[in-house]
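Me: I have a structure here and would like to go through the words used for it, one by one. Could you take my questions as they come?

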Amino acid sequence: MKELLSDIGEKEVLNRLKRYMPINQMNNDTAEIKASGKDLIINNDLLVDGIHFSESTTSYIDIGWKAVTTNFSDLASSGVEEIIGITVGMVAPPDTRWQWVEEVYEGMKLALNKFGGHIIGGDCSNGIQKVLSITAFGTAGNIKLHQANALPGDWIISSGPHGLSRLGLAILTSDPLIKNSNIPASLKSKAIEIHQRPIPPLKALEMLKRCKPKDVPLRAAATDSSDGLLQAIHNLCINSKCQAVLNQSSLPRSNKWPLGNHWDEWCLTGGEDFELIISLPPVWARNLMENYPKCYLIGTMTQGKPIIIGENGKEYDSENLL
C-alpha cells in the first residue's frame, strides 16, 4: 500500500525527515550556524510544481537535486567561499505519496553530498500544490561578485554553453520545433542531463579566484544565467549602469549545436543553464579563459545607456526579458 501524507501526519513526516539532517538538528525551532566570524551569504528560491518542475519530465530525486543546485548557483554568483547548508520549506497536498517526499529528500542529500552543506531545518505544510522553498547559507569569500561591479572596458565571460537545458526540455516534451532536426545523440543525452540535474558553477568560481593576476584589483561583477543569458547580461548592465556589446558571432553554443534562429534564441533566452556571467578586467578574463577552456568571451562592457547591443548596432529588446 502506498503511504499518503494524510495517513502519516505532520509529526511523523518531520520525524522521518530527521535522518537527512545532522543529529539533534531538529530538536529546536531554529538552526544554529557557526560561521567563524565571516559574513554570510543567504539565498532563497521557490520551486513550484507545474512551473519549475514537472513529474512528467523530472524524477522525484531530480526535483530534490534541482532544488539544491539552483540555490547553490546563486551562491556561486555571489562569490561564496564555503557552503553551510539549507533549510527546506515544503508544501504538499494531503494525498501526496510519502515516496514523493522521501525521494525528493534523497535528491537533495545527493546534491549536498557532492557540493557541500547539510539540511539544517525547515518546515512543512499541506496545501493545494507542491512547493519547495529552499534557503541556502554560505560564507562570503574575498571576491564579492556584486552585479554592480562592472566597468566600461571589461570583458564579458560565460562559464559555459547555453541553451542545453531548453533543448533537454524540448526533447522530453517532444517539442515540434525539433521534430525534423538532426540532433546528435551525444547532444541529446547531454541536454537531458543538464535539464534534469543542473550543476552549479562552483568550479568556475574557484577557477576565477585562482586566475586573478596579483596586480589586478579584486573587482568583478557576476550573476548566474538561471533566467537566460540575455537576462543575466541585462542585470549587469542595469546594476552597473554600463552598456553591453554582445559578440553575436561568438555565442556560447555547445559543441555540435545546430544553426538557426530559434536555436540562437534558445541559447540567448532558454534559461536554467546556471552558468556564471562575469564582467571583469581583460587581463583577468584572458587568464581565466586560458585556464578554464569551458569559458566563452561573449562581449564587452562600454559606456552608454544600460542596454545590450549587437556588433551590428542592433539593440536587443529588453521588453522580452524577465
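Me: What covers the buried residues of α5?

Reply: Happy to help! The cover includes α6 and α9, where contact means heavy atoms within 4.5 Å. The buried residues in α5 are Leu164, Ser165, Leu167, Gly168, Ala170 and Ile171. Helices here are DSSP runs of H or I with at least four residues, strands are runs of E with at least two, and both are numbered from the N terminus. A word on the source: this is a predicted model, in which local features need pLDDT of at least 70 and side-chain atom pairs count only at pLDDT 80 or more, while totals for chains, interfaces and linings use all residues. Residues are numbered from 1 along each chain as its sequence is written, and side-chain values use heavy atoms, with hydrogens and water left out.

Me: Why does Gln196 count as buried?

Reply: Gln196, in helix α6, has 18% relative accessibility, so it counts as buried. The terms are set by relative accessible area: buried is under 20%, exposed is over 50%, and partly exposed lies in between (1.4 Å probe, protein chains only).

Me: What does the side chain of Gln196 reach?

Reply: The backbone oxygen of Thr57, at 2.7 Å. That fits a polar contact, a pair of N or O atoms within 3.5 Å; within protein, one must be able to donate a hydrogen and the other to accept it, and residues adjacent in sequence count only if both atoms are side-chain atoms. Leaving out residues up to four places away in sequence, Gln196 touches Thr57, Thr58, Asp62, Trp65 and Leu172.

Me: And why does Ser174 count as exposed?

Reply: Its relative accessibility is 60%, so Ser174 counts as exposed. Ser174 sits in the loop between α5 (164-172) and α6 (185-196).

Me: What is the phi of Ser174?

Reply: Phi of Ser174 is near 55°, a positive value in a residue other than glycine. Most residues other than glycine have a negative phi.

Me: Why does Lys256 count as exposed?

Reply: Lys256 has 52% relative accessibility, so Lys256 counts as exposed. Its phi is positive too, near 70°, and its place is the loop between β7 (243-246) and α9 (261-269).

Me: What makes β6 and β10 the edge strands?

Reply: The sheet is open, with six strands in the order β6-β8-β5-β9-β7-β10 and mixed pairing. Strands β6 (221-224) and β10 (308-310) each pair on one side only.

Me: How do you know that β5 and β8 pair?

Reply: Pairing needs at least two bridges found by DSSP, and β5 (155-158) and β8 (276-280) have four, in the antiparallel sense. One of the partnerships joins Ile157 to Ile278 in β8.
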